[in-house]
Amino acid sequence: MTVQSLEAPPAAAPPPAAELERIRDEIIRVDRAIVELIAERVALARQVGPVKRALGMPTLDPPREAAVVRRASALARESGLAEEDVRYVFWHLVGLCRRVQMEGEGVRV
């Protein structure tokens, strides 16, 4: 008499092409979320411009911009990402946000 296992057989791995498609779909979802977050950040920067002007503050604030990039660099380190690459992305993001603030001053950039 043999004893049969009551455990379910192990699930078969999905075919490689299906796995690739699933991963690519996830990348598309993440890319969409990143773009939505960038749009949200730009909208907030657009709101900051008039507040800075009302306070008599300049649009350009290099120490603040550098602090933002340093903070992103620290977050990259904590996440195991290359700090230099994240700094590069954030300098571009800061530049984009600076431009929308300057557009509110009537400066065409």
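R29 and E26 both belong to helix α1, where 3 residues, about one turn of the helix, separate them; helices here are DSSP runs of H or I with at least four residues, numbered from the N terminus. The model is a predicted one, in which local features need pLDDT of at least 70 and side-chain atom pairs count only at pLDDT 80 or more, while totals for chains, interfaces and linings use all residues. Residues are numbered from 1 along each chain as its sequence is written, and side-chain values use heavy atoms, with hydrogens and water left out.

**Exercise 1. Describe the salt bridges that R29 and R22 form in helix α1**.

Step 1. A salt bridge is counted when a side-chain nitrogen of Lys or Arg lies within 4 Å of a carboxyl oxygen of Asp or Glu, and the structure holds 5 of them.

Step 2. The side chains of R29 and E26 satisfy this criterion with an N to O distance of 2.9 Å, and R22 pairs with E19, whose closest N and O atoms are 2.8 Å apart.

Step 3. R22 and E19 are separated by about one helical turn, because they stand 3 residues apart in helix α1. An α-helix has 3.6 residues a turn, so residues three or four places apart point the same way.

Step 4. For accessibility, buried means under 20% relative accessible area, exposed over 50%, and partly exposed in between, with a 1.4 Å probe and protein chains only. R29 is partly exposed at 46%, as is E26 at 36%; R22, at 45%, counts as partly exposed, and so does E19 at 26%.

**Exercise 2. Work out how the buried and exposed residues of helix α2 are arranged**.

Step 1. Helix α2 covers residues 62-79, 18 residues in number, and reaches 26 Å from its first C-alpha to its last, close to the expected 26 Å, where the expected span is 1.5 Å times one less than the number of residues.

Step 2. Its buried residues are E65, V68, V69, A72, S73 and A76. Because these buried residues fall within an arc of 140 degrees when seen down the axis of α2, they line one face of the helix; the arc is that of the directions from the helix axis to the C-beta atoms.

Step 3. The face turned away from the buried side carries the exposed residues P63, R70, R77 and E78, whereas the cover over the buried residues includes α1 and α3 (83-103).

Step 4. After α2 comes G80, which has a positive phi near 80 degrees.

**Exercise 3. Follow the salt bridges from R77, and state which residues form the network**.

Step 1. R77 is one of the exposed residues of α2, and its side chain meets that of E83 in a salt bridge of 3.0 Å, N to O.

Step 2. E83 is partly exposed, with a relative accessibility of 25%.

Step 3. The network of salt bridges links R77, E83 and R87.

**Exercise 4. Determine whether T59 is buried or exposed, and list its contacts**.

Step 1. T59 sits in the loop between α1 and α2, and its relative accessibility of 6% makes it buried.

Step 2. Once neighbours within four places in sequence are set aside, T59 is in contact with K52, R53, R98, Q101, M102 and E105, contact meaning heavy atoms within 4.5 Å.

Note on methods
Helix = DSSP H or I, 4+ residues; strand = E, 2+ residues; numbered from the N terminus.
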